[in-house]
Amino acid sequence: MQLDDRKWTILKAIIKTYLETGEPVGSRTISKYADLNLSSATIRNEMSDLEEMGLILQPHTSAGRIPSDAGYRLYVDRMMEEKEREVSEKEHEVAEKEQEVTEMRELVLQRQDKMELILRQMAQILASNTNYAAMISGPKIHQTKLKFIQLSIVSESQILATVVTEANVVRNKMLDMEHDLDQKTILELNILLNSALNGLTLEQINLGTISKLKEQAGTHSDVVNRVLDAVAEAIQSDTEVEIYTSGATNIFRYPELSTSEKASELISTFENKRDLAGLITTEDQNPETGIQVYIGQESPVAAMQDCSVVTATYELGEGMYGRIGVVGPKRMDYDKVFGTLKDLIAQLDQIYKKDKDK
């Protein structure tokens, strides 16, 4: 959406003022901005234009204006563009920035034996630093590949299928057989399965691969079918992740979210972490910044459609990814949230590299 400089300045002034106060913003308030030098009448005309464009709205007759979801969206998109332009200019300020996050670094860089403890701590830091609700998903390996399959005879009517994924996650599945299998047949099946499936992701094990395997297995095609089910179960289990949350009660700080019904829905969503899966599995973040912003109805989680949600992706190497998210009112301090998320991702990267080098 194209805006001239005057309209853009007024829109930013309305959004920033509303972020600070939570109250509708009038033309007289906007006229006090030193860089505008416009009369209240001129500002009212411009605000009317912005309202027609759907960027602001008037909640009550004779009241001031508040940003619409579209207004927030334009504000966030332009801010993200500005952030990207600033990246090269800010490289020389790294040392100064390091000092600003000393407290965060000291908390985060305490060596933990388990990533779970680090992520729990980071969720608490994120909630504390932003005064919003925070969530972090544990890392998972995308496009998990099959590493090895081993079939072993347990009894006359049972075989054990051991499936190992690329992340060295081992899953065992006991399979009941309708007829006996001798050691020679088991060896042949092991060779057949590993030759065809090793190094493939679940998505790559297509109908063509399955049909060829069953044809080569001949009378033992039913065994192949059962083993493939075990493989799918092992890989899908490997993609299940834990979600760590903190600061859900911070929503009571914001009147627009603290009504009993809205607050109850949000708290319930954070308690029932499965409802957060829509935010964790989404992959449409900005490819340049790694950040995705959902404003109002854009949120994939129904209980958060009166909120703004900002998520970012962190990577721990070898294809291991996780998501960090902040949930707050639409008038959240986006600039601060973006900066805090980027700082935490940098800290996670340092922790991972430090532990990997030891």
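I looked up the aromatic pairs first and found three in the structure. The model is a predicted one.

**Tyr 72 and Tyr 334.** I took this pair next; its ring centres are 6.3 Å apart, and the planes stand at 55° to each other, a tilted arrangement. I then checked where the partners lie in the chain. Tyr 72 belongs to helix 4 (residues 69-86) and Tyr 334 to helix 13 (residues 334-357), so I noted a link between distant parts of the chain, 262 residues apart. I asked myself whether Tyr 72 and Tyr 334 are buried or exposed. Both Tyr 72 and Tyr 334 are buried.

**Tyr 75 and Tyr 334.** For this pair I read 6.4 Å between the ring centres and 65° between the planes. I entered the pair as edge-to-face because its angle is over 60 degrees. This pair, too, links distant parts of the chain: Tyr 75 is in helix 4, Tyr 334 is in helix 13, and 259 residues separate them.

**Burial.** I looked up the relative accessible area of Tyr 75 and found 8%. For Tyr 334 I found 1%. I list Tyr 75 as buried because its 8% is under the 20% cut-off, and Tyr 334 as buried because its 1% is under that cut-off as well.

**Cluster.** Which residues form one aromatic cluster? I wrote down Tyr 72, Tyr 75 and Tyr 334.

**Arg 78 and Trp 8.** Last, I checked for a charge over a ring. I found the charged end of Arg 78 over the ring of Trp 8, at 4.4 Å from the ring centre.

Conventions:
Residues are numbered from 1 along each chain as its sequence is written. This is a predicted model: local features need pLDDT of at least 70, side-chain atom pairs count only at pLDDT 80 or more; totals for chains, interfaces and linings use all residues. Side-chain values use heavy atoms; hydrogens and water are left out. Rings of Phe, Tyr and Trp (its six-membered ring) pair if their centres lie within 6.5 Å; planes under 30 degrees apart count as stacked, over 60 as edge-to-face and the rest as tilted. Helices (H or I, at least four residues) and strands (E, at least two) are DSSP runs, numbered from the N terminus. Buried means under 20% relative accessible area, exposed over 50%, partly exposed in between (1.4 Å probe, protein chains only). A charge sits over a ring if NZ of Lys or CZ of Arg is within 6 Å of the ring centre and within 35 degrees of the ring normal.
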